[in-house]
Amino acid sequence: MRIRVVNPNTTRAMTDTIEQCARAVVGAGTVLDAVTSATGPVSIESHYDEAMSVPGLLAAIRQGEADGVDGYVIACFGDPGLDAARELATGPVIGIAEAAMRTASHLGRGFSVVTTLQRTTGRAVDLAEHYGLQRFCYGVHACELPVLALDTDPDARKVVTEACRAAVLADGSDAVVLGCAGMADLCAHIRAEIGVPVIDGVAAATLTVQSLLTLGLRKSGSGEFATPPAKLYTGLLESFGSE
């Protein structure tokens, strides 16, 4: 089977980190690669950023279909463009927020989410509700590090670790969900430091896709997530249309 991890931002260094974490969990016989969106923001930290990341994400999914990819991971915690990507793909498409939250719900009564900036916490709350997991989500906390600082700030690991420790104490939660794909490589360290399960959505989503494909499952070809009807697009989106 072939799995493609799509980084919806345009920062290649983050894609490299994401790819390493995804490769670490796939089984023998699974071919995995990661791609960086060709268009969009360098990081995704607002509703505007999410919206502007979607065309590049969908272009990557469409290219994956041409390349024979079997399933996809959307490696951004906002799960941008997830429904549209599922329309385009024939195989499963899993967002890291949904995968991480569902995984955490199996490990205890409740989890905390630790994300980057305070302005992104509302999106995590909305996603927990959208996925029917709000009763498991005990709290959403920000460590106030911009996404790109996760790779450049020498204190990033310490800052995120302490934010996770504080979240568990504040919420009385049983697990922590890391609320950014850029935190994926911190997972094992934080788990060892704070002594509770810490879930990286990149790994969780990759294994979810692999499991669905192993079971021989693909998306339904009818209904809401059927291939979208062909039509013309104009302006900047002209290349996304078809007759």
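## Helix H1 and its buried side

In this predicted model, helix H1 has a good share of residues tucked out of reach of solvent: Met-14, Thr-15, Thr-17, Ile-18, Glu-19, Cys-21 and Ala-22 are buried. What do they pack against? The partners are strands E1 (2–7), E2 (31–36) and E8 (198–200), plus helix H9 (201–214).

As for its geometry, H1 runs over residues 12–23, so to speak a 12-residue stretch. From first C-alpha to last it reaches 16 Å, close to the 16 Å expected at 1.5 Å a residue.

## Strands E5 and E6

Next, a strand pair. E5 (residues 111–115) and E6 (residues 137–142) pair in the parallel sense, with 5 bridges between them. Within that pairing, Val-114 of E5 stands opposite His-141 in E6.

How does the chain get from E5 to E6? It goes through helix H5 (residues 121–130), and this β-α-β crossover is right-handed.

## The whole protein

Stepping back, the protein has 9 helices and 8 strands. Its C-alpha trace spans about 55 × 40 × 30 Å along the principal axes. The radius of gyration is 17 Å, which agrees with a compact globule, because 243 residues packed that way would give a value near 18 Å.

Buried residues account for 51% of the 243. Take the contacts between residues at least 6 apart in sequence: 69% of these join residues at least 24 apart. On the outside, the accessible surface comes to about 11,100 Å², and carbon and sulfur atoms hold 53% of that.

Technical notes:
Residues are numbered from 1 along each chain as its sequence is written. This is a predicted model: local features need pLDDT of at least 70, side-chain atom pairs count only at pLDDT 80 or more; totals for chains, interfaces and linings use all residues. Side-chain values use heavy atoms; hydrogens and water are left out. Helices (H or I, at least four residues) and strands (E, at least two) are DSSP runs, numbered from the N terminus. The expected span of a helix is 1.5 Å times one less than its number of residues. Buried means under 20% relative accessible area, exposed over 50%, partly exposed in between (1.4 Å probe, protein chains only). Contact means heavy atoms within 4.5 Å. Two strands pair if DSSP finds at least two bridges between them. A crossover is right-handed if, with the strands pointing away from the viewer, the path from the first strand over the helix to the second runs clockwise. The radius of gyration is taken over C-alpha atoms; the globule rule is 2.2 Å times the number of residues to the power 0.38. Accessible areas come from the Shrake-Rupley method with a 1.4 Å probe; for residues, only the protein chains shown count as cover.
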